[in-house]
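Me: I've got a structure here and a few things I'd like to sort out. Can we go through it together?

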Amino acid sequence: LLELQKLQDESHHLTSLLKGKENELSQRKEEKRRLQWKDDVYVVDEIILTATGDKECTLQWPEYGLQIDLPEHSLPSGRPIELQIKAIIAGDFKLPPNCHLVSSIYWINCPERFDKKVTLHLPHAAVIESEEEASYFRFYAAKCSSGPPYEFKELKNGSFIPYRDSASIALSQFSHIAVGTSEIPSRLTRQRYYSQV
């Protein structure tokens, strides 16, 4: 009876291990499915959000902390439109010299140009603890229509507030956009500002 119980316990343990491996393989397949190489970029995830053209509205992608605020009458047609958004971690990109990104790259496609500027709140991995440190960070954007390699350029506007994990910028049209820095002071370690995203 003791031998039978031992065999049953070993069988149960082996079954548990096999189920664990199956779950792990299933998770890896799901991750691989979500990570897709499309149009010279490596897409982590994507979503479609619907904006109302005649009313003030806020669009959110909760999983990534991205938010878009649209003022009233911001779209010329006044009709609801769909915004396609992709979170990207790699691709055929050309960054300015010494530029270090502290966020994923977001591709945002809107079929219409906005009549009024909309506010984009973009999540980042920087740790900003003062106004001085906030001044080292910028938004960088590349035109979607330019084709690969997508050349990023610094945008002059944008708001970076200490102790917030997102930055905001007012835009009249979208593109590939990310948060980065090229002026990290030598007295501060780079690891303090950003982690792998």
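Reply: Sure. One definition before the hairpin comes up: two strands pair if DSSP finds at least two bridges between them. Also keep in mind that this is a predicted model.

Me: Then how many bridges join β3 to strand β4?

Reply: β3 covers residues 57-61, and β4 covers residues 66-70. The two run antiparallel, and Cys 57 stands opposite Leu 70 in β4. Pairing takes at least two bridges; the number joining β3 to β4 is 5.

Me: Which residue in the hairpin of β3 and β4 takes a positive phi?

Reply: This hairpin has 4 residues between the strands. The positive phi is near 75°, and the residue that takes it is Gly 65.

Me: Which side chains along strand β3 point to one face and are buried?

Reply: In a regular strand the side chains alternate between the two faces of the sheet. β3 shows that alternation, with Thr 58 and Gln 60 pointing to one face without being buried. Pointing to the other face, and buried, are Cys 57, Leu 59 and Trp 61.

Me: Which strand gives the largest share of the largest nonpolar core?

Reply: That core has 36 residues, and Ile 68, Leu 83, Leu 120 and Phe 174 touch the most other members. The largest share is 4 residues, and they come from strand β5 (residues 81-91).

Me: And Leu 83, leaving aside neighbours within four places in sequence: which residues is it in contact with?

Reply: Contact here takes heavy atoms within 4.5 Å. With those neighbours left aside, Leu 83 is in contact with Ile 47, Ile 48, Leu 49, Ala 51, Leu 59, Ile 68, Ile 108, Asn 109, Cys 110 and Phe 174.

Me: How far apart are the closest N and O atoms of Arg 138 and Glu 154?

Reply: Arg 138 sits in strand β10 (residues 137-142) and Glu 154 in strand β12 (residues 153-155), 16 residues apart along the chain. The cut-off for a salt bridge is 4 Å. This pair forms one, with the closest N and O atoms at 3.1 Å.

Me: Which residues do salt bridges that share partners join into one network?

Reply: The count comes to 2 salt bridges. Besides pairing with Arg 138, Glu 154 forms a salt bridge with Lys 156, where the closest N and O atoms are 3.9 Å apart. The network joins Arg 138, Glu 154 and Lys 156.

Me: Is Lys 156 buried or exposed?

Reply: Glu 154 has a relative accessible area of 32%, so it counts as partly exposed. For Lys 156 the value is 75%. The cut-off for exposed is over 50%, so Lys 156 is exposed.

Conventions:
Residues are numbered from 1 along each chain as its sequence is written. This is a predicted model: local features need pLDDT of at least 70, side-chain atom pairs count only at pLDDT 80 or more; totals for chains, interfaces and linings use all residues. Side-chain values use heavy atoms; hydrogens and water are left out. A nonpolar core is a set of buried Ala, Val, Leu, Ile, Met, Phe, Trp, Tyr and Cys residues joined through side-chain atoms within 4.5 Å. Buried means under 20% relative accessible area, exposed over 50%, partly exposed in between (1.4 Å probe, protein chains only). A salt bridge is a side-chain nitrogen of Lys or Arg within 4 Å of a carboxyl oxygen of Asp or Glu.
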